[in-house]
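Here is a short report on one protein model. Look first at its aromatic rings, then at the sheet behind them.

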Amino acid sequence: MLTDLGHSSSVLDSVALTLTDGRELGLDNLARTLSLMPRKRWPRAVRDQLSTLIAIRPDQPPAPADLRVKLWPKERADRLLTYDALEPLPGLFAVLAAQGKGASHEFGELALIGDRDKAYDAALSNLAGLPLPRHTRRRVDPRVGGSWVEFLDSPDAYGAARVTVLPEVLRRVLGTGFPIHGVLVAVPTKFELWVHVPVDEEAIHTALTMAWLAHKTWSEEPYPISPNVFLVSPDMDAARLVTSDLEGCDVNESVALGLLKALEAGREREAS
C-alpha cells in the first residue's frame with residue numbers, strides 16, 4: 001500500500017515502518033485501531049492513516065496558533081526528547097506539538113519551535129481554549145456511593161493532555177474550583193481524562209477501581225498513555241497514588257495517608 005502512495009519502506013523490529021526518507025511510522029496504534037473494526041474496513045483504514053501520516057511535513061515551523069502539547073511516557077521521552085519538557089504527572093511529559101490538517105506532529109527538539117517558554121505559553125493557552133470534551137459521569141463501583149468519576153472523552157488528540165490545564169477543565173466542564181485536598185486523575189489513552197473528586201475515605205477504593213479500569217483501557221485501546229492513577233493538588237503538584245500492571249495494583253501508602261488526612265482536616269474545618 002505504501003508503494004501505491006509513492007513510498008517504499010522496511011519493517012523495524014516488527015513494530016514500525018521506516019520510510020526511505022528516514023521517517024518512522026509506528027504500527028501499534030494502527031493495529032489496536034484495526035482490532036476494533038470489521039476486517040472488511042481494514043484496507044480503507046490503513047490507507048487513510050498512512051496517507052495522513054505521510055502528508056505531515058515535520059520540517060516546517062508551526063504557527064503559534066497551532067501549538068498544543070501531548071503526553072509522552074518517560075520511556076519515549078528518554079529516547080527522543082532533547083529539551084526540558086513539562087512533567088504534569090510523574091513519568092508523563094507534556095511535549096510540544098502542532099495541529100495540522102487531519103493529524104498532529106510532536107516535537108522532540110526545539111529547532112523548529114524557537115523559544116521554549118513562549119511556545120509552552122501559546123500551547124497551553126490554545127489547549128485551554130479547545131472545544132469542551134464529551135462529559136459523562138458514573139460510579140465506577142455501584143456498591144460504593146461516593147465512587148463517582150467524571151469521564152472526559154475528546155474527539156481530538158488532546159484529551160489526556162488537558163490534564164496540563166486541569167484547573168480550567170474543572171471550571172469549564174465541572175463548574176467547580178480546585179478542591180483543596182486535590183483530585184484523582186487517570187489518562188489511559190490520549191483521548192481520555194478521568195477525574196474523581198474525593199469526599200471521604202472511599203476515595204482509596206475508588207482509586208483502585210479507576211486503576212483497574214485504566215489498565216484495561218490502556219492495554220486494549222489505541223494510543224495508550226498510562227494505566228496509573230494520580231493525585232493532583234491545587235498547585236498542580238502531582239503524585240502517583242496507584243501503580244497498575246498485569247500483576248495488580250500497588251497503592252502509594254504515604255500519598256494515600258496524606259489524602260485521607262487532608263479530607264479529615266477538611267471535615268473538621270466544616271464542622272467548626
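## Aromatic pairs

This is a predicted model. How many aromatic pairs does the count come to? The count comes to 2 aromatic pairs. One joins Phe151 and Trp194. Their ring centres are 5.0 Å apart, and the planes make an angle of 65°. That geometry is edge-to-face, because planes over 60 degrees apart count as such. Phe151 belongs to strand β9 and Trp194 to strand β11, so the contact ties together parts 43 residues apart in sequence. Phe151 is buried at 8% relative accessible area. Trp194 is buried too, with a relative accessibility of 4%.

The rings of Phe191 and Tyr223 also form a pair. Here the centres lie 5.7 Å apart and the planes stand at 90°, so this pair is edge-to-face. Phe191 sits in the loop between β10 and β11, while Tyr223 sits in the loop between α6 (202-220) and β12, so the pair ties together parts that are 32 residues apart in sequence. Phe191 is partly exposed, at 25% relative accessible area.

## Charges over rings

Phe151 has another partner. Arg138 lies over the face of the Phe151 ring, 3.9 Å from the ring centre. Elsewhere, the charged end of Arg68 sits over the ring of Tyr158. The distance from the centre of the Tyr158 ring is 5.9 Å.

## The sheet

Which order do the strands take in the open sheet? The order is β8-β9-β11-β10-β12-β13-β14, 7 strands with antiparallel pairing. The edge strands are β8 (134-139) and β14 (248-251), and each pairs on one side only. From one strand to the next, the twist averages 25°. As background, strands of a sheet pair through backbone hydrogen bonds, either parallel or antiparallel.

Two helices lie across this sheet. Helix α5 (residues 166-174) crosses β8, β9 (148-153), β10, β11 (192-196) and β12. Helix α5 runs at about 80° to β11. Helix α7 (residues 253-271) lies across β10, β12, β13 (238-245) and β14. The angle between α7 and β13 is about 125°. Both helix descriptions include β10 and β12.

## Strand β12 and its neighbours

Strand β12 (residues 229-232) pairs with strand β10 (residues 183-186) in the antiparallel sense, over 3 bridges. Val183 stands opposite Val232. Leu184 has Leu231 as its bridge partner. On the other pairing, β12 and β13 are antiparallel over 4 bridges. There Phe230 of β12 stands opposite Arg240 of β13.

Which way do the side chains of β12 point? Val229 and Leu231 point one way, and Phe230 and Val232 point the other way. All of these residues are buried.

## Positive phi in two loops

Most residues other than glycine have a negative phi. Two residues here take positive values. Tyr223 has a phi of about 60° although it is not a glycine. Tyr223 is in the loop between α6 and β12, and its ring is the one paired with Phe191.

Met236 has a positive phi of about 65°, again without being a glycine. Met236 lies in the loop between β12 and β13. These strands form a hairpin with 5 residues between them. Met236 is partly exposed, with a relative accessible area of 26%.

## A buried serine

Is Ser147 buried or exposed? Ser147 is buried, at 0% relative accessible area. This residue is found in the loop between β8 and β9. Which backbone oxygens lie 2.9 Å from a polar atom of the Ser147 side chain? One is the backbone oxygen of Asp141. Another is the backbone oxygen of Val144, also at 2.9 Å.

Ser147 touches further residues, not counting those up to four places away in sequence. The list is Arg138, Arg139, Val140, Asp141, His196 and Thr206. Arg138 thus appears twice in this report: Arg138 touches Ser147, and Arg138 lies over the face of Phe151.

Note on methods:
Residues numbered from 1 in each chain as written. Predicted model: local features only at pLDDT ≥ 70, side-chain atom pairs only at ≥ 80, totals over all residues. Heavy atoms only, no water. Pairing = 2+ DSSP bridges. Axes fitted to C-alpha atoms, helices over the stretch in contact; angles between N-to-C directions. Contact = heavy atoms within 4.5 Å. Phe/Tyr/Trp six-rings, centres within 6.5 Å; stacked < 30°, edge-to-face > 60°. Buried < 20%, exposed > 50% of the residue type's maximum accessible area, 1.4 Å probe, protein only. Lys NZ or Arg CZ within 6 Å of the ring centre and 35° of its normal. Polar contact = N/O pair within 3.5 Å; in protein donor to acceptor, adjacent residues only side chain to side chain.
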